[in-house]
Amino acid sequence: MTTKKLWTWLAAVIIGSFAVLIFYGVDIYRKIPPVPDKVVTTDGTIVATGQDIKDGQNVWQSIGGQTVGSIWGHGAYIAPDWSADFLHREALLLLDELAKKDGKIYKDLPDDEQARYKVLLKREIRKNTLDEATQTIVISPERAKVQAELAEYYAKIFMNDAEMNQLRDHYAIPKNTVKTEERMAKMNAFFSWAAWVCITDRPGDTGITYTNNWPHDELIGNIPPPSLHLWSGLSVLMLLGCVGLLVFYHAKNKEEEISEELPLEDPLRNMKPTPSMRATLKYIWVVALLILVQMFAGVITAHYGVEGSAFYGFPLDEYLPQSVSRSWHVQLAIFWIATSWLATGLYIAPAVSGYEPKYQVLGVNILFGALLIVVFGSLAGQWLGVMQKLGYVDNFLWGHSGYEYVELGRIWQILLLVGLILWLILMVRALLPALKKKDGDRHLLLLFTLSAVAIALFYGAGLMYGRQTHMAIAEYWRWWVVHLWVEGFFEVFATVVAAFLFTRLGLLRLKAATHAVLFSTIIFLAGGILGTFHHLYFSATPTAVLALGATFSALEIVPLVLIGFEAYQNYQISKSTKWIKAYKWPIYCFIAMCFWNFLGAGIFGFAINPPIALYYIQGLNTTAVHGHAALFGVYGILGIGLMMFMLRGLYPDREWNDKLIGWAFWLTNIGLLVMVTISLLPIGIMQSVASIKEGYWYARSAEFMQTDMMHTLRWLRVPGDILLAIGEMLLVIFIIGLKTGWSLKDKR
Ligand code: HEM
Ligand SMILES: [Fe+2]
């Protein structure tokens with residue numbers, strides 16, 4: 001295919017996919033389970049108002065939201081999924097109430113009579129009693145009574161009842177997480193509504209709830225609907241079919257990419273970094289610092305999994321609750337990865353165009369200051385929010401958004417977006433002369449610029465929901481940011497940046513590399529854009545979302561199946577000439593990135609991806625396996641590789657201490673592998689079995705998670721974590737050593 005044709009295909013894929021993504025987005029808006037004006041009993045007592053539910057959502061967000069357990073399967077792993085937990089407890093209590101109404105005690109009844117009450121329970125709990133005209137949900141007095149009991153139970157946990165000390169410890173929830181009765185009552189109204197969504201039949205669809213019968217719980221008739229099996233099967237067939245096509249295409253069109261005539265010397269050896277390129281060095285130091293802080297936040301978070309309220313006896317949860325350490329851990333991961341990429345963009349732009357725009361250094365320095373303000377400001381805001389020092393509105397603006405991966409308060413979000421746009425401007429103005437040239441690697445450069453534009457602008461999707469926006473809608477936009485980043489534009493960025501650097505080094509043939517990159521971008525985005533819906537199977541969305549999400553996200557795996565070619569090509573490059581030795585570690589990072597893309601994103605991602613799989617295992621430790629192996633494995637390691645590349649150019653004259661950086665590289669990768677395979681994965685698999693056999697609530701319960709076996713498996717994180725931590729520390733020591741000299745060797 002010609003370059004022009006490839007561009008046309010790419011445009012068609014992007015426009016078509018976004019049209020469908022938006023079309024079904026509108027469908028989600030139209031079919032959401034409403035937040036009612038009020039919930040009343042049949043005898044007219046008001047149980048909760050719509051405003052209570054909305055405020056309750058804000059209370060839940062302020063304590064850390066998705067970083068303390070989860071709702072609809074989205075969130076953290078130590079505490080339960082509140083929607084599933086509430087629902088199961090509600091069902092058990094309601095069985096007792098229904099029997100009591102007939103003067104009987106449920107637990108003393110014979111099987112057949114118990115079965116009768118189970119039927120009555122399902123009939124009552126699944127029926128959609130929302131009156132559209134008055135926007136009122138009507139429930140029985142028995143159900144209202146049960147909900148009041150549950151409200152008391154949750155108040156005991158989230159406030160300060162000594163009876164719950166042990167359970168709080170198991171959930172890593174500090175006492176007085178919620179500080180007033182009023183706030184607690186509202187959060188209960190929200191939990192109750194979130195559970196109602198999971199069990200109420202969608203209008204016109206008897207037997208299928210708003211969440212496609214998620215969470216699995218046979219007691220209340222939540223079993224997978226047939227669509228789940230159907231679309232799971234089809235998604236696997238889609239994947240196989242497209243892999244077949246791709247192999248054929250590859251065999252037919254594969255062009256040799258590695259150059260026949262390799263340069264005799266490093267083409268970048270004599271490049272003199274411009275002042276603005278040199279100004280990016282401090283970004284790298286900040287990345288090094290953030291890596292360390294992120295790692296410590298992770299160690300603390302993992303430790304809360306085994307000692308829920310303290311750190312080796314010190315009552316850490318009073319100062320730094322799990323929800324804060326986890327939020328910092330996740331946010332800092334995104335921050336340091338983003339910072340290393342931003343620095344790369346700023347470094348590469350003047351390097352490729354040979355042009356240093358006026359005031360570029362000033363711009364790079366201002367952006368640096370702005371980034372520091374956003375990073376430390378947002379982390380402080382999250383702490384203030386979770387410590388309950390902010391009101392509903394201030395928490396939304398400055399504190400904790402409650403949504404995983406976009407935890408920043410709204411003001412920080414806006415400032416970050418402004419920073420990203422400033423970054424784009426700085427980069428593009430330096431790149432312009434190169435972009436205008438009609439020859440050379442203009443296509444690669446254009447694609448690089450486009451992925452940078454997309455990365456910056458798509459962060460803006462996170463502004464599409466407000467303080468009290470319906471959860472289903474907030475989830476839709478949240479995944480526009482998170483999914484479209486990691487499975488869309490980041491993949492493009494990663495592919496193009498590697499090819500771009502290698503062509504600049506004269507190692508790849510320009511035309512072949514351009515074709516390969518454009519082609520992979522088309523396939524990534526063909527699956528990746530609509531693949532967004534794989535996060536929304538059970539988030540109160542229509543069935544079409546599930547069907548589209550399942551089939552298109554399966555296509556995301558197609559390019560990953562062939563990623564071994566790329567890995568091997570990178571390996572060949574690392575051996576191709578003598579001078580390339582200087583780039584050994586950036587190239588090894590690119591190879592590692594391919595490995596993790598295959599294992600972490602491809603295998604661990606697809607393992608949880610078919611709807612019937614995710615139905616049972618959404619939000620179990622299998623997701624943690626995937627999250628770590630993909631986010632750190634692919635983009636973290638890429639960030640490290642890019643830093644190594646920049647450092648090569650910033651310290652051009654001397655060889656490196658290969659031992660130090662080598663140990664850092666291997667320990668980091670092996671540590672990650674050990675951590676996910678000997679601890680997280682076995683926990684995830686055991687949880688999956690529990691979820692399939694007993695129900696989702698059980699797989700997340702303290703009852704199951706606190707067995708000796710689970711404890712041992714959680715402790716088994718330590719060896720992997722230690723290797724990874726040492727690896728990262730050596731990396732930082734290496735970076736410092738470039739300044740002090742211990743990382744430098746003989747003259748090059
Ligand atoms: C390098 C690319 C990828 C990265 C960085 C990545 C990262 C992530 C992250 C951070 C999460 C959230 C984990 C959490 O909630 O704690 C996630 C969830 C998920 N990912 Fe990926 N992912 C990638 C590729 C893929 C691919 C290729 C698939 C499959 C087609 C996939 C399927 C999923 C699914 C189904 C979930 C939802 C799991 C749940 O809600 O429990 N991911 N991913
Ligand atoms: Fe995704």
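## The shell around ligand 1

In this predicted model, ligand 1 is surrounded by 26 residues, and the closest of them are Ala601, Gly605, Thr623, Gly627 and Ala630. Three elements each give two or more residues to this shell: helix H16 (471-504), helix H21 (584-607) and helix H23 (621-650). H23 provides the largest share of the shell, with seven residues.

Sorted by class, the shell around ligand 1 contains ten nonpolar, 13 polar and three charged residues.

## The chain as a whole

The chain is built with 28 helices and ten strands. Along its principal axes, the C-alpha trace spans about 90 × 55 × 45 Å. A compact globule of 748 residues would have a radius of gyration near 27 Å, and the chain agrees with this, because its own value is 27 Å.

## Two domains and their contact

The domain assignment divides out domain 1, covering residues 32-223, and domain 2, covering residues 275-437. Their C-alpha centres are 37 Å apart. Where the two domains touch, domain 1 contributes 22 residues and domain 2 contributes 23 residues.

On the side of domain 1 that touches domain 2, the elements that give two or more residues are helix H2 (50-62), strand S4 (74-75) and helix H6 (165-171). Among these contributions, the largest share comes from H2, which gives five residues. By class, this side of domain 1 has eight nonpolar, ten polar and four charged residues.

## The annotated region

An unreviewed UniProt entry places the feature "domain: Nitric oxide reductase subunit B cytochrome c-like" at residues 36-216. Over residues 36-216, the chain is 51% helix and 14% strand. The C-alpha atoms at the two ends of this stretch lie 25 Å apart.

## The four-stranded sheet

Four strands form an open sheet with mixed pairing, and their order is S2-S1-S6-S5. Strand S2 (46-49) and strand S5 (130-131) stand at the edges; each has a single partner strand, so one side of each is left without a neighbour in the sheet.

At one edge, strand S1 (residues 38-41) and S2 run antiparallel and are joined by three bridges. Within this pair, valine 40 stands opposite isoleucine 46 of S2. The hairpin of S1 and S2 has four residues between the strands, and in this hairpin glycine 44 takes a positive phi near 90°.

At the other edge, S5 and strand S6 (residues 136-139) are also antiparallel, and two bridges join them. Here leucine 130 is opposite isoleucine 137 in S6. The loop between S5 and S6 holds glutamine 135. Phi of glutamine 135 is near 50°, which is a positive value in a residue other than glycine.

## The S7-S8 hairpin and the cis proline

Strand S7 (residues 201-202) and strand S8 (residues 205-209) run antiparallel, with two bridges between them. Arginine 202 has aspartate 205, in S8, as its bridge partner. Two residues lie between the strands in the hairpin of S7 and S8, where glycine 204 takes a positive phi near 80°.

Beyond this hairpin, the loop between S8 and helix H8 (226-253) contains proline 215. The peptide bond that leads from tryptophan 214 to proline 215 is cis, with omega near 0°.

Notes:
Residues are numbered from 1 along each chain as its sequence is written. Chains are lettered from A and ligands numbered from 1 in the order in which they are written. This is a predicted model: local features need pLDDT of at least 70, side-chain atom pairs count only at pLDDT 80 or more; totals for chains, interfaces and linings use all residues. Domain bounds come from an automatic or database domain assignment. Two residues are in contact if their C-beta atoms, placed from the backbone, lie within 7 Å. Ala, Val, Leu, Ile, Met, Phe, Trp, Tyr, Cys and Pro count as nonpolar, Asp, Glu, Lys and Arg as charged, and the others, Gly among them, as polar. Two strands pair if DSSP finds at least two bridges between them. A residue is near a molecule or strand if its C-beta atom, placed from the backbone, lies within 6 Å of it. UniProt positions are given in the numbering used here, feature names are shortened, and annotations may be inferred rather than shown by experiment. The radius of gyration is taken over C-alpha atoms; the globule rule is 2.2 Å times the number of residues to the power 0.38.
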